[in-house]
There are 4 protein chains.
Amino acid sequence: MDTTIELRSDNAAGVAPEILAAVAAAGEGSALAYGGDEWTARLSERVAEVFEHPDARVFPVISGTAANAIGLSAMCPPWGSVLCHDTAHVLRNECGATSMFAGGAVMHGLTGDSYKLAPESVQIAFEATRWGDPHHSQPAVLSLTCPTDHGTVYTPSEVAALVDVAGEHGLRVHMDGARIANALAGVGCTPAELTWRAGVDVVSLGATKNGALSTDAIVCFDTDIAEQLVYRVKRAGHVASKMRFQSAQLDAYLTDGLWLRLAGTANAAMTVLAAGLRQLGVELLNEPQANMVFARFPAPGVRRLEEVGLLFYAMDDEVVRFVTSFQTTDADAREAVRRIGQALS
Amino acid sequence: MDTTIELRSDNAAGVAPEILAAVAAAGEGSALAYGGDEWTARLSERVAEVFEHPDARVFPVISGTAANAIGLSAMCPPWGSVLCHDTAHVLRNECGATSMFAGGAVMHGLTGDSYKLAPESVQIAFEATRWGDPHHSQPAVLSLTCPTDHGTVYTPSEVAALVDVAGEHGLRVHMDGARIANALAGVGCTPAELTWRAGVDVVSLGATKNGALSTDAIVCFDTDIAEQLVYRVKRAGHVASKMRFQSAQLDAYLTDGLWLRLAGTANAAMTVLAAGLRQLGVELLNEPQANMVFARFPAPGVRRLEEVGLLFYAMDDEVVRFVTSFQTTDADAREAVRRIGQALS
Amino acid sequence: MDTTIELRSDNAAGVAPEILAAVAAAGEGSALAYGGDEWTARLSERVAEVFEHPDARVFPVISGTAANAIGLSAMCPPWGSVLCHDTAHVLRNECGATSMFAGGAVMHGLTGDSYKLAPESVQIAFEATRWGDPHHSQPAVLSLTCPTDHGTVYTPSEVAALVDVAGEHGLRVHMDGARIANALAGVGCTPAELTWRAGVDVVSLGATKNGALSTDAIVCFDTDIAEQLVYRVKRAGHVASKMRFQSAQLDAYLTDGLWLRLAGTANAAMTVLAAGLRQLGVELLNEPQANMVFARFPAPGVRRLEEVGLLFYAMDDEVVRFVTSFQTTDADAREAVRRIGQALS
Amino acid sequence: MDTTIELRSDNAAGVAPEILAAVAAAGEGSALAYGGDEWTARLSERVAEVFEHPDARVFPVISGTAANAIGLSAMCPPWGSVLCHDTAHVLRNECGATSMFAGGAVMHGLTGDSYKLAPESVQIAFEATRWGDPHHSQPAVLSLTCPTDHGTVYTPSEVAALVDVAGEHGLRVHMDGARIANALAGVGCTPAELTWRAGVDVVSLGATKNGALSTDAIVCFDTDIAEQLVYRVKRAGHVASKMRFQSAQLDAYLTDGLWLRLAGTANAAMTVLAAGLRQLGVELLNEPQANMVFARFPAPGVRRLEEVGLLFYAMDDEVVRFVTSFQTTDADAREAVRRIGQALS
């Protein structure tokens with residue numbers, strides 16, 4: 001095998017050239033620190049335009065965990081709970097960050113097919129809640145991961161159905177959009193349709209996994225929450241003094257649909273890969289609606305996949321995760337299928 | 001005036017070319033996320049070498065506030081207090097970040113000449129403490145800002161004298177080194193001499209103000225604190241998935257003395273500027289031992305300084321702060337002096 | 001029906017005469033505040049004697065939630081998790097108190113028959129943990145509720161088996177003993193056997209539900225945890241200035257086996273009640289090993305129970321909870337059975 | 001000396017007979033836990049009546065620290081600051097409790113004569129604040145201690161003057177009324193006049209220091225804050241299951257002016273004591289407007305005071321604090337003066 005094929009994670013990828021160029025350009029002169037610069041001003045306008053929301057506010061942060069936990073902390077009182085799918089990143093993979101930032105708020109994992117929260121599950125959780133009884137954490141936020149950590153995607157109408165249920169008890173709605181561009185590219189709707197038009201208040205806008213260098217962001221459609229975030233982001237240490245370099249990345253990312261093109265490339269490669277896997281008779285554990293697939297390879301399949309030069313995550317002895325990125329070409333995907341076929345034979 | 005001269009802050013400067021090049025180079029291939037990459041491995045070795053300490057651990061974070069607050073949270077129990085100078089950034093400018101990350105620990109501002117904490121002040125604070133009485137926050141950490149936020153610098157022996165006093169009651173010692181390279185360049189000692197050899201346990205290693213693009217770091221010389229930081233940095237959302245881009249910056253920064261050269265340029269420009277100000281008869285409020293000076297301009301002096309094309313911070317009606325950066329040339333400094341002279345005449 | 005029979009909860013009961021007398025006696029003269037009094041000193045000795053542990057430390061607090069949450073906060077780092085049964089009070093009924101006091105630590109509910117945590121469940125949780133990976137909360141404490149919130153009891157050997165598993169990964173062990181006297185009376189072992197001899201580090205010692213006026217306590221067998229509690233209890237506002245009145249209650253409670261006699265009365269009444277229910281053919285959902293039973297009454301049974309003058313909690317349309325207290329006589333229990341029989345007929 | 005005279009603290013006193021009787025009476029039957037009892041209902045009405053405010057809400061807690069810290073946590077956002085006098089108990093004596101409960105909010109000590117906050121000090125603090133700048137904790141609450149920890153008292157008009165200044169920036173106002181009955185008895189105004197009519201939103205209502213057995217309370221005049229307190233008090237572990245015993249104490253305390261009579265006794269004894277000290281030529285460090293005085297006794301005066309059977313706190317080598325309580329008779333005060341005279345001769 002001459003070269004390995006990177007399918008471990010989209011955050012193993014490099015930087016999109018347009019984004020690196022934007023960073024380099026931003027560094028030429030001096031500029032006011034802490035967001036008082038022209039790139040950050042331009043980013044604010046860009047976000048309002050791309051999300052078609054005049055009051056949208058954007059807060060660059062260094063990670064998706066920061067975007068999720070700080071965003072949620074501005075939506076959930078300390079005595080509240082965040083309802084999310086039982087497999088959500090905010091529940092499983094962030095080391096209690098939301099509970100810390102939200103002063104001891106708790107998270108409740110609920111069920112739903114295809115790794116997506118089901119309105120019925122939320123309804124059941126509501127019925128089990130003793131509202132107003134201070135012995136019990138009060139559901140305050142619904143957090144949707146889109147795409148999910150298992151590569152499935154909510155449609156705008158699925159989001160709206162959940163928001164409807166949540167609204168019965170006044171819950172706020174958060175979307176963990178670490179890979180939201182892949183969802184948009186997959187579903188083919190607008191950013192507004194998937195978010196605030198469907199009732200979402202705050203989005204964790206992922207960029208790092210899809211070509212950015214060093215930034216994600218919180219996008220907020222609610223004025224009261226945004227006012228809190230001004231302070232919450234700062235005291236979390238996420239207001240970079242040279243914020244212009246994050247703003248320049250995000251501005252380039254959202255300009256002329258770059259983010260959707262990058263995600264489209266990743267999704268297309270996944271489509272090729274998934275089709276190939278199916279053709280090989282490999283069992284897929286999720287419908288690959290974005291840039292991620294989980295596949296089962298009866299032992300000793302997993303080890304043999306390593307031997308043919310594929311980089312991936314083994315979830316256990318039999319299940320592997322493949323993720324494509326903006327740097328994965330269709331040719332890479334086809335070559336990966338070829339090697340998998342070889343490994344299986 | 002054809003062009004303005006940037007003297008507002010060193011974090012208004014751009015990026016050092018060596019650092020931008022390092023970032024670009026790191027982006028060429030794919031690499032494991034969350035620090036499992038070769039740049040981060042190399043950075044670890046670099047820090048151990050530069051600080052001459054085999055167990056030194058480094059944690060890249062996005063801001064000095066993050067480095068300070070997360071670092072301190074691993075050194076101070078929730079019922080403890082952090083002793084620092086009354087003008088310290090950790091006390092005055094971080095919106096309670098340390099109290100949040102440290103579970104409600106508090107900060108006590110103490111006095112000392114030249115904006116530096118005096119051993120006598122610490123001693124007095126100790127004597128006023130009811131040790132072991134749970135009604136009172138227990139002093140647990142000494143935090144030194146070096147250079148101070150007023151441009152003065154602790155020598156290694158001044159640090160050691162404070163550490164001596166702190167050690168009587170078992171306090172840990174933290175150094176806010178947002179501009180530590182300027183201190184090192186000013187004092188002419190080694191990183192080891194100013195930090196762990198003098199008794200410092202944790203350093204907030206500034207890089208952004210001195211030519212980096214988007215990173216600072218926590219450097220830790222204590223194994224127990226480092227073990228905590230593994231988790232504390234993550235749940236604060238400061239473990240970037242593409243950590244290699246921060247590590248590459250820090251590695252370039254610390255390689256072949258780049259950080260000290262960049263800081264030396266800033267300090268040299270400040271020396272020129274300060275000498276010029278003195279020659280003009282301007283009152284300086286601090287001994288400019290690094291890259292910062294506070295000067296008094298009887299009204300309407302401040303407004304006239306703006307008219308001659310200088311960018312600076314007005315602290316009040318009469319006092320201005322000038323900060324030089326790695327991009328400030330001696331010629332810039334001379335030209336600034338010329339314009340100030342013109343404004344005063 | 002002339003009088004109602006109180007079976008809602010043991011905390012609906014009044015105060016044991018011995019305890020009220022102790023409070024009255026303690027109030028006669030003046031005494032140093034905040035625990036510097038003779039009653040608190042005597043309590044410390046009493047706890048050491050009753051638990052047969054020379055280093056046992058006792059911290060009176062006003063509620064079981066306080067005892068649990070503050071105790072756990074001294075055992076679990078902010079990035080840790082507390083493993084407990086999925087029905088545990090600390091998980092379900094304390095509004096996130098532990099997450100708040102422990103700086104954002106989280107709780108994981110596990111399974112086990114009879115509402116008791118099974119060693120196998122803990123083992124499975126351990127195997128699913130990515131130890132040392134900061135993306136994941138690290139299991140740090142095992143919390144056992146004894147008796148459980150469903151009236152079942154761990155034996156010393158069951159506790160020891162769980163402690164054994166927990167010890168493999170260095171977890172601390174906490175016992176929520178809100179009704180521990182009922183467990184001891186039920187099992188017939190010594191306080192030491194059920195707690196520290198089986199490996200428990202900290203006990204939430206309930207007293208209010210079993211005849212005290214206004215106090216529970218944290219009992220701690222570990223010196224390091226106790227040192228933390230000195231401060232943690234104070235800053236939680238749980239160090240009463242007139243602590244002697246809590247200490248006097250607890251001292252009386254633990255003297256000459258009063259706590260066990262009170263609990264024995266409650267347990268005996270439950271035995272009568274449960275036997276009667278069985279004789280009536282009522283389905284019991286738990287083995288009533290202490291002073292609590294859950295029973296199913298096909299609708300409209302629950303409403304009819306109210307009509308015959310029983311006070312109880314309806315868990316849902318068909319399931320009711322009966323709890324006996326130190327004030328429930330065997331005659332009360334027999335009369336309750338008689339009325340239930342009447343309601344069912 | 002046959003007997004010692006207790007002048008250490010009012011929380012060293014015993015229990016008022018009326019309050020002990022109320023507790024005993026409340027314990028006779030069974031009652032719903034967690035405040036669902038008739039005593040708590042009656043207390044709510046009593047507080048509304050005594051404070052002449054129909055929406056006043058009362059939350060019993062076990063200590064003044066709890067009342068202060070939990071109350072403030074519902075008034076101050078995590079990024080806010082609490083302004084108080086530099087000698088305030090909330091700042092000096094509560095081990096960071098407010099910072100913990102308020103998620104890292106900070107406290108700023110300000111100056112003012114007679115240990116009372118001066119409107120000018122608040123004004124200066126406001127002018128030094130960079131409002132809206134997230135680098136800086138934003139003043140959010142004014143906390144007044146009345147009486148102060150040095151025995152001086154705010155008049156209603158002094159409170160109103162401070163509230164006026166605070167209102168300019170929308171701050172909430174908290175009163176630490178650990179000894180508020182002594183203030184009311186001293187000033188001779190109504191509870192309403194000293195609190196909400198003067199603009200106070202939340203009062204920490206002390207009872208323990210003035211004859212209660214085991215309770216203080218938060219009294220809240222603001223609906224939004226009260227709604228938060230429902231949850232905040234619970235998760236702090238301060239909702240006692242047998243709340244009726246705290247409610248019964250508070251109800252008795254506030255009925256028929258008992259609290260003011262008890263405080264009046266303490267104040268009267270202090271008046272006798274202070275007059276006697278002045279007659280002896282002893283320097284008093286505060287105007288004893290409630291039940292506390294600080295007096296200077298040139299060494300070796302302090303030691304000799306101990307020899308004549310007085311119990312008091314020595315603040316340092318020369319200064320002692322005397323506190324009278326509801327149990328201190330005028331005869332006690334006169335005898336204390338006689339002994340002091342003897343010690344000084």
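**Exercise 1. Determine the strand order of the open four-stranded sheet in chain D, and say which strands stand at its edges.**

Solution. In this predicted model, the four strands of the open sheet in chain D follow the order β9-β10-β13-β12, and their pairing is antiparallel. The edge positions belong to β9 (283-284) and β12 (313-314) of chain D, each of which has a single partner strand, so one side of each is left without a neighbour in the sheet. Turning to one of these edges, β9(D) is joined to strand β10 (residues 292-296) of chain D by two bridges in the antiparallel sense, and within this part of the sheet D:Glu283 lies opposite D:Arg296 of β10(D). Helix α12 (residues 258-279) of chain D packs on the sheet, where it touches β9, β10 and β13 (319-323) of chain D, and the direction of the helix makes about 15° with that of β10(D).

**Exercise 2. Decide whether B:Val219 is buried or exposed, and list its contacts beyond four places in sequence.**

Solution. The residue to be placed, B:Val219, belongs to strand β8 (residues 216-220) of chain B. The next step is to count neighbours: 28 other C-beta atoms lie within 10 Å of B:Val219, and since the cut-off for a buried residue is 20 or more, B:Val219 is buried. Once neighbours within four places in sequence are left aside, the contacts of B:Val219 are B:Val47, B:Phe51, B:Ala56, B:Val58, B:Val203 and B:Leu205. A further pair to consider is B:Val219 and B:Phe59, which are 160 residues apart in sequence, while their C-alpha atoms are 6.5 Å apart in space.

**Exercise 3. Work out which rotation lays chain B on chain A, and through which surface the copies meet.**

Solution. A turn of 180° with a shift of 0.0 Å along the axis lays chain B on chain A with an RMSD of 0.0 Å. The two copies are thus related as by a two-fold rotation axis. As for the surface, 100% of the interface residues of chain B are also interface residues in chain A, so the copies meet through the same surface.

**Exercise 4. Describe the side of chain D that touches chain C by its helices and its residue classes.**

Solution. The contact involves 44 residues of chain D and 44 residues of chain C. On the side of chain D, at least two residues come from each of α1 (17-26), α3 (64-73), α5 (97-101), α10 (223-235) and α11 (244-254), and α3(D) gives the most, with four residues. Sorted by class, the residues of this side of chain D comprise 22 nonpolar, 15 polar and seven charged.

Key. Residues are numbered from 1 along each chain as its sequence is written. Chains are lettered from A and ligands numbered from 1 in the order in which they are written. This is a predicted model: local features need pLDDT of at least 70, side-chain atom pairs count only at pLDDT 80 or more; totals for chains, interfaces and linings use all residues. Two residues are in contact if their C-beta atoms, placed from the backbone, lie within 7 Å. Ala, Val, Leu, Ile, Met, Phe, Trp, Tyr, Cys and Pro count as nonpolar, Asp, Glu, Lys and Arg as charged, and the others, Gly among them, as polar. A residue is buried if 20 or more other C-beta atoms lie within 10 Å of its own, exposed if 12 or fewer, and partly exposed in between; C-beta atoms are placed from the backbone. Copies are superposed by least squares on the C-alpha atoms of residues with pLDDT of at least 70 in both. Two strands pair if DSSP finds at least two bridges between them. Axes are lines fitted to C-alpha atoms, for helices over the stretch in contact, and angles run from 0 to 180 degrees between N-to-C directions.
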